[in-house]
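Thanks for coming. I will put the structure up and then go through some local features, one at a time.

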Amino acid sequence: MAGRAPGSDPAQDAPRITEPSHHAVGVHAVTTAMRLAQRQMGVLRSARTLLRVNQPDGFDCPGCAWPEEDRVHRAEFCENGAKAVAEEATRRRVTPAFFAEHAVADLLGRSGYWLGQQGRLTHPMLLDEGATHYVPVSWERAYEIIGEEFAALDSPDEAVFYTSGRTPNEPAFALQLFARRLGTNNLPDCANMCHEATGDALVETLGVGKGSVSLEDIHHADLVIVAGQNPGTNHPRMMAALEQTKGNGGRVISVNPLPEAGLERFKNPQRPRGVVGEGTRLTDLFLQIRTGGDLALFRALNQLLLRAEDEAPGTVLDREFIAEHTLGFEAWERDARATDRDEVLAATGLPMEQIEAAARMVLESKSVIVCWALGLTQHKHSVPTLREIVNFLLLRGNVGRPGAGVCPVRGHSNVQGDRTMGIYERPTEAFHRALGAEFGFTSPRHHGYDSVSAIKAMRDGKVKVFVGMGGNFAAAAPDTPVTEEALRRCSLTVQISTKPNRSHLVTGRRALILPTLGRSDEDRTQAGPQFVTVEDSMGRVHASRGRLRPEPMLRSETAIVCAMARAALGPGDDVPWEEFAADYDRLRDRIERVVPGFDDFNARVRRSGGFVLPHAPRDARSFPTHTGRANFTVNDMVVLDVPEGRLLLQTLRSHDQYNTTIYGLDDRYRGVHDGRRVVLVSPADIAALRLTAGAYVDLVSEWPDGRERRAAHFKVVSYPTARGCAAAYMPEATVLVPLDHTSDISNTPAYKSVVIRFEPDSGPDAVVVI
């Protein structure tokens with residue numbers, strides 16, 4: 001437990017609270033983004049860089065994975081996209097002098113916000129055994145150290161390769177090839193901690209673990225249900241798509257424990273009414289659901305659809321689709337009809353009248369899309385929830401036709417592409433066979449570690465080398481003290497990064513920081529200018545080309561992975577790693593022969609807009625499940641039990657952050673300024689628990705086996721959350737989530753369902769700085 005270091009965000013101890021906003025974006029968002037960009041990059045560099053974001057000849061935003069419209073605007077970025085680019089393209093630099101000035105112990109007392117504000121890393125750095133400071137190291141020596149540590153492993157499974165969702169396709173493919181040539185499937189990624197439940201549910205029910213809709217489908221849907229998602233902060237360009245939905249006569253239902261400004265009203269700065277007018281009201285019906293109640297909601301909607309079919313046979317359900325394309329309907333129907341109304345009301349916290357209103361909107365809509373994000377995927381019962389959503393869509397044939405389908409909204413820019421490239425601890429046999437046939441070896445078939453099991457393995461001394469490709473694993477993972485102690489038990493931790501973060505300070509016996517190019521940086525090798533590719537949330541693959549001149553010591557992610565592989569596998573390994581690092585076309589040639597859908601990869605990705613990967617349910621109403629059909633599933637009702645005097649906490653992001661990267665200390669839409677250690681509680685719960693708005697408390701999480709965890713010094717904020725629920729920011733509240741508190745099927749940490757009580761404030765000196 002660390003106290004505050006001098007200069008490390010003292011304002012976080014006294015956040016200022018104002019009224020929350022009821023609209024998102026508008027002119028204020030534009031001016032905020034431009035102000036931050038100019039502060040980080042300067043005027044000319046800001047203009048030169050931002051006008052290339054998400055352009056056909058530019059680079060992909062390092063933020064979210066929302067796709068570009070066919071008609072690309074010159075300013076094709078949102079406020080948080082501009083913040084992400086500014087953080088990456090900043091003129092600030094973290095040189096060896098910075099590490100000479102600051103010992104690791106000093107930096108551990110700084111906040112993640114402070115660390116991120118220092119700038120871009122410029123040199124490879126080494127923290128040797130017993131050292132107090134990082135020192136510069138040559139690339140050659142860094143790779144020698146990696147080779148030494150890999151050579152000392154007793155088993156390939158003593159290495160773990162973690163991947164952040166911002167990693168492009170080419171280095172992701174190279175990394176998984178490196179791991180499997182070594183002999184392990186230990187390839188955890190950030191999807192293990194966010195959308196793993198999506199993949200598990202969709203593969204079982206539809207056969208493909210990705211969304212089935214396009215932007216055109218969103219535009220022309222009769223009804224879009226947005227559940228457990230905050231587009232205004234996390235995927236702002238989605239609001240423009242929903243604006244088109246509304247303009248075409250479609251409607252929107254929002255399902256969330258908190259009212260979110262981005263789903264109330266959207267003031268599009270690229271339209272006159274978004275600048276001087278009121279903007280567009282997006283939500284037609286807001287269901288302020290109790291945290292974790294979404295499974296019960298969709299069970300109730302499904303029961304109401306069955307009753308409507310009873311009243312008007314042949315007019316509600318798509319009987320032809322169900323008979324031709326699905327299995328399991330009869331067993332599911334028996335269970336759905338037995339749904340208990342009282343349990344639904346207890347689980348959702350909604351009046352029955354609102355659920356019935358939602359059902360009427362569904363009945364009035366020919367085409368329905370359900371969108372979701374982490375609000376649905378980070379519960380213990382996430383997989384059953386998503387399976388029930390698929391049941392809901394299958395009932396009326398809302399899969400595989402225009403304007404209808406499943407739309408999981410991925411958070412990070414290439415998290416979906418990384419999985420496509422084989423970053424997965426449980427790849428299919430078909431992937432194994434294709435990889436082996438292309439590279440002439442037998443890849444390991446035993447399952448590897450996901451993110452949670454990797455932490456346990458490090459904790460238990462079963463892993464000695466941790467390689468992090470981007471991200472901030474120490475801050476993103478649950479059970480912060482356990483995760484950090486696990487990392488410290490490694491013999492070597494390697495972080496491939498653009499900027500300093502806490503994971504650079506929570507190290508193994510030895511640690512390396514390897515500075516890499518960002519999306520906005522020019523990537524040039526002896527073979528000439530290079531580009532990388534990414535896959536967006538809707539399965540489109542396109543090129544990304546940076547233009548900024550990088551610091552001379554930086555290396556691309558592809559080059560770093562290939563050099564690490566050569567150092568670890570030795571000169572006798574016959575994979576042409578040096579060829580891949582020199583010319584990414586050669587790597588794409590091999591991807592084409594291993595990964596389905598990448599035929600003629602090099603040619604097609606050079607076309608404007610790239611290409612869309614095949615999706616059997618969407619393209620042909622074909623369902624490659626274990627049964628060969630779309631599967632109805634029976635999912636037990638879940639009513640989360642919260643003892644009297646306790647609340648159900650969910651962790652979330654502020655408007656000034658993206659994942660664990662903190663851009664600033666404001667959450668403008670929620671009215672929180674100059675700080676992050678806040679807990680949002682409804683006025684009714686504040687009164688019932690005899691709390692005082694503005695007072696400071698400790699949050700204590702409670703678990704059935706008697707374990708407790710504490711997050712100190714949070715300001716109570718009166719906020720219109722659902723009754724019985726509360727919210728606090730990650731990673732500050734991540735300490736409250738035990739390592740074993742995961743989804744029953746996907747093993748995703750259940751960050752969104754944590755039972756807490758409030759205790760007297762321990763004071764700012766008890767704060768764990770993350």
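What you see is a predicted model. I start with Val612, which is partly exposed, its relative accessible area being 36%. Val612 sits in strand E23, residues 611-612. Leaving aside residues up to four places away in sequence, Val612 touches Met538, Gly539, Arg540 and Arg618. For a sense of the fold over sequence distance, take Gln55: 557 residues separate Gln55 and Val612 along the chain, and their C-alpha atoms are 17 Å apart.

Next, Glu320, in helix H16, which covers residues 319-325. Is Glu320 buried or exposed? With a relative accessible area of 61%, Glu320 is exposed. The C-alpha atom of Glu320 is 9.7 Å from that of Arg396, and the two residues are 76 apart along the chain.

Now a buried lysine. Lys499 is in the loop that runs between strand E17 (492-497) and strand E18 (510-515). Lys499 counts as buried because its relative accessibility is 10%, and the cut-off for buried is under 20%. Which side chain makes a polar contact with the side chain of Lys499? That is Glu87, at 2.8 Å. There is also a backbone partner: a polar atom of the Lys499 side chain lies 2.4 Å from the backbone oxygen of Gly116. Beyond four places in sequence, the residues touched by Lys499 are Glu87, Gly116, Gly119, Arg120, Leu121 and His504.

On to Thr339. This residue is in the loop between helix H17 (329-337) and helix H18 (341-348). Thr339 is buried, at a relative accessible area of 7%. Its side chain and that of Arg299 are joined by a polar contact of 2.9 Å. Thr339 and Arg299 are 40 residues apart along the chain, with 7.0 Å between their C-alpha atoms. Again not counting residues up to four places away, Thr339 touches Arg299, Gln303, Val344 and Met637.

Arg299 takes us to a helix pair, since it is one of the H15 residues in contact with H21.

General point first. Two packed helices are described by the angle between their axes and the distance between the axes. Here, helix H15 (residues 294-311) and helix H21 (residues 382-395) have axes that come within 9 Å and cross at roughly 20°. That crossing angle makes H15 roughly parallel to H21, because angles under 35 degrees are classed that way. The crossing of H15 past H21 is left-handed. On the H15 side the contact is made by Asp294, Leu295, Phe298, Arg299, Leu301, Asn302 and Leu305. On the H21 side the residues are Pro384, Thr385, Glu388, Ile389, Asn391, Phe392 and Leu395.

Last topic, cysteines. A disulfide is a covalent bond between the sulfur atoms of two cysteines. How many disulfides does the structure hold? Zero. Why is Cys64 not bonded to Cys78? Cys78 has the closest cysteine sulfur to that of Cys64, but the separation is 5.9 Å, which is too far for a bond; the cut-off is within 2.5 Å. Cys64 is buried, at 9% relative accessibility. Cys194 is in no disulfide either, and its nearest cysteine sulfur, that of Cys190, is 5.1 Å away. Cys194 also counts as buried, with 13% relative accessibility.

That is what I have; I can go back to any of these residues.

Methods: Residues are numbered from 1 along each chain as its sequence is written. This is a predicted model: local features need pLDDT of at least 70, side-chain atom pairs count only at pLDDT 80 or more; totals for chains, interfaces and linings use all residues. Side-chain values use heavy atoms; hydrogens and water are left out. Helices (H or I, at least four residues) and strands (E, at least two) are DSSP runs, numbered from the N terminus. Buried means under 20% relative accessible area, exposed over 50%, partly exposed in between (1.4 Å probe, protein chains only). Contact means heavy atoms within 4.5 Å. A polar contact is a pair of N or O atoms within 3.5 Å; within protein, one must be able to donate a hydrogen and the other to accept it, and residues adjacent in sequence count only if both atoms are side-chain atoms. Axes are lines fitted to C-alpha atoms, for helices over the stretch in contact, and angles run from 0 to 180 degrees between N-to-C directions. Angles under 35 degrees count as roughly parallel, over 145 as roughly antiparallel, 65 to 115 as roughly perpendicular and the rest as oblique. A crossing is left-handed if the near helix is turned anticlockwise from the far one by less than a right angle, and right-handed if clockwise.
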